[in-house]
2 protein chains.
Amino acid sequence: MGNLSRFVEPVLLLLLKQKGRSYGYDLAGELPQHALTDAEIERAALYRTLRQLEENGNVASEWETDQGGPARRVYRLTPQGEAHLEEWATVLDHVSKSMAQFVVKARAAGSARSARRKPR
Amino acid sequence: MGNLSRFVEPVLLLLLKQKGRSYGYDLAGELPQHALTDAEIERAALYRTLRQLEENGNVASEWETDQGGPARRVYRLTPQGEAHLEEWATVLDHVSKSMAQFVVKARAAGSARSARRKPR
DNA sequence: TAACCTAGGTGCGAGTTACACCTAGGTGGT
DNA sequence: ACCACCTAGGTGTAACTCGCACCTAGGTTA
């Protein structure tokens with residue numbers, strides 16, 4: 001099937017909303033549970049998406065060094081980010097319904113060529 | 001929001017199933033009614049996707065020159081193409097449900113910050 | 001000391017997309 | 001005759017994105 005969009009951005013926004021604050025490596029572990037498709041999300045894509053979200057003002061970050069181990073860049077949603085998540089929800093609600101409709105149509109009876117055989 | 005996948009391929013497969021046979025320019029006119037997102041689908045993407053579907057054996061084409069005007073490359077679904085559409089339906093059914101769940105979660109009450117504080 | 005886990009990245013070739021542009025048959029207006 | 005416009009099917013290419021490989025660095029366990 002190939003190129004299904006992974007919707008990394010909205011999933012990250014949602015995770016940050018739910019968790020309040022988190023960092024890349026931690027988010028990577030929780031992505032599979034919340035992903036919209038079962039395609040794996042690359043760590044590279046994850047980190048770059050977080051960066052881009054910060055550039056656009058949807059999240060803010062700070063370094064956390066007092067938990068031991070390598071430093072963590074801890075992110076949180078900004079108010080703008082919450083609004084952006086809400087926009088995503090609107091869009092995905094619409095797409096979700098379109099897809100459900102698509103599935104119904106795709107499974108509807110016969111093609112135009114072999115129009116309604118197969119009663120019962 | 002930017003890069004929402006357009007799902008050109010499954011929509012073309014569905015249109016061809018419904019119409020029996022059709023050609024690029026005609027399909028282009030009907031895409032907006034069946035598209036999964038409201039993002040416009042490029043003509044270039046349309047023609048290239050049809051080509052790729054043919055390369056993979058999901059559609060077959062022949063030239064039609066007896067209708068006046070420029071020649072049309074008329075496509076129809078192959079049996080393999082119908083199976084492929086069914087695969088898409090399965091995948092999109094799943095994605096649709098995941099998205100609906102996402103929307104519910106995204107709109108659920110408050111963020112973790114304002115609800116209860118996390119320990120650790 | 002080595003192996004392994006956590007943590008956050010970068011480099012880059014391959015693949016994809018968006019926009020502009022091209023060819024060509026046919027019709028209607030002046 | 002000439003032009004504008006519609007139908008029809010493309011191609012060229014610069015910019016962008018993605019996937020894979022790879023790198024740095026702190027800390028723990030055997």
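Which residues come nearest to DNA strand D? In this predicted model, 18 residues lie around DNA strand D, and those that come nearest are R48(A), Y25(B), P70(B), R72(B) and R73(B). The list draws on both chains, with R48 belonging to chain A and the other four to chain B. Of the atoms of DNA strand D that come within 4 Å of the protein, sugar and phosphate account for 61%.

Individual atom pairs show how the protein meets this strand. A backbone N or O atom of Y25(B) lies 2.6 Å from a phosphate oxygen of DNA strand D. Another phosphate oxygen contact involves R51(B), which has a polar side-chain atom at 2.9 Å from such an oxygen. R48(B) reaches a base instead: a polar side-chain atom of R48(B) is 3.1 Å from a base nitrogen of DNA strand D. The elements that give two or more residues to the surface near this strand are α3 of chain A and, from chain B, α2, α3 and β3. The largest share comes from α3(B), with 5 residues. Sorted by class, the surface near DNA strand D has 8 nonpolar, 2 polar and 8 charged residues.

Now turn to DNA strand C. Here 19 residues surround the strand, and the closest are Y25(A), R51(A), P70(A), R72(A) and R73(A). Sugar and phosphate make up 64% of the atoms of DNA strand C that come within 4 Å of the protein. In the side chain of R51(A), an N or O atom is 2.8 Å from a phosphate oxygen of DNA strand C. Y23(A) also has a polar side-chain atom placed by a phosphate oxygen of this strand, at 3.1 Å. For a base contact, look at R43(A), where a polar side-chain atom lies 3.1 Å from a base nitrogen of DNA strand C.

The surface near DNA strand C receives at least two residues from each of α2 (24-34), α3 (43-55) and β3 (72-77) of chain A, and from α3 (43-55) of chain B. The largest share, 5 residues, comes from α3(A). By class, this surface divides into 8 nonpolar, 3 polar and 8 charged residues.

The helix α3(A) can be followed on its own. It has 13 residues, and the distance from its first C-alpha to its last is 19 Å, close to the 18 Å expected at 1.5 Å a residue. Which residues of α3(A) are buried? They are L46(A), T49(A), L50(A) and L53(A). Seen down the axis of α3(A), these buried residues fall within an arc of 100°, so they line one face of the helix. On the other side of α3(A), R48(A) and E55(A) are exposed. R48(A) is also among the residues that come nearest to DNA strand D. The cover over the buried residues of α3(A) includes α1 (8-19), α2, β2 (59-64) and β3 of chain A. After the helix comes G57(A), whose phi is positive, near 80°.

Helix α2 of chain B, residues 24-34, can be read in a similar way. Its buried residues include G24(B), L27(B), L31(B) and H34(B). They cover an arc of only 80° around the axis, which puts them on the same side of α2(B). The face turned away from that side carries the exposed residues Y25(B), P32(B) and Q33(B). Y25(B) is the residue whose backbone N or O atom lies 2.6 Å from a phosphate oxygen of DNA strand D. What covers the buried residues of α2(B) comes from both chains: it includes α4 (79-107) of chain A, along with α1 (8-19), β1 (21-23), α3 and β3 (72-77) of chain B.

Two single residues complete the tour. E64(A) is found in strand β2 of chain A. Is E64(A) buried or exposed? E64(A) is buried, because its relative accessible area is 14%, and buried means under 20%. Its side chain is joined to that of R21(A) by a polar contact of 3.4 Å. Leaving aside neighbours within four places in sequence, E64(A) is in contact with R21(A), A71(A), R72(A) and V74(A). Of these, R72(A) is also one of the residues closest to DNA strand C.

The other residue, S98(B), sits in helix α4 (residues 79-107) of chain B. S98(B) is buried too, with a relative accessible area of 16%. Not counting residues up to four places away in sequence, S98(B) touches A35(A) and L36(A), which belong to chain A.

Notes:
Residues numbered from 1 in each chain as written. Chains lettered and ligands numbered in written order. Predicted model: local features only at pLDDT ≥ 70, side-chain atom pairs only at ≥ 80, totals over all residues. Heavy atoms only, no water. Near = heavy atom within 4 Å. Polar contact = N/O pair within 3.5 Å; in protein donor to acceptor, adjacent residues only side chain to side chain. Helix = DSSP H or I, 4+ residues; strand = E, 2+ residues; numbered from the N terminus. Nonpolar A, V, L, I, M, F, W, Y, C, P; charged D, E, K, R; others polar. Expected span 1.5 Å × (residues − 1). Buried < 20%, exposed > 50% of the residue type's maximum accessible area, 1.4 Å probe, protein only. Arc of directions from axis to C-beta. Contact = heavy atoms within 4.5 Å.
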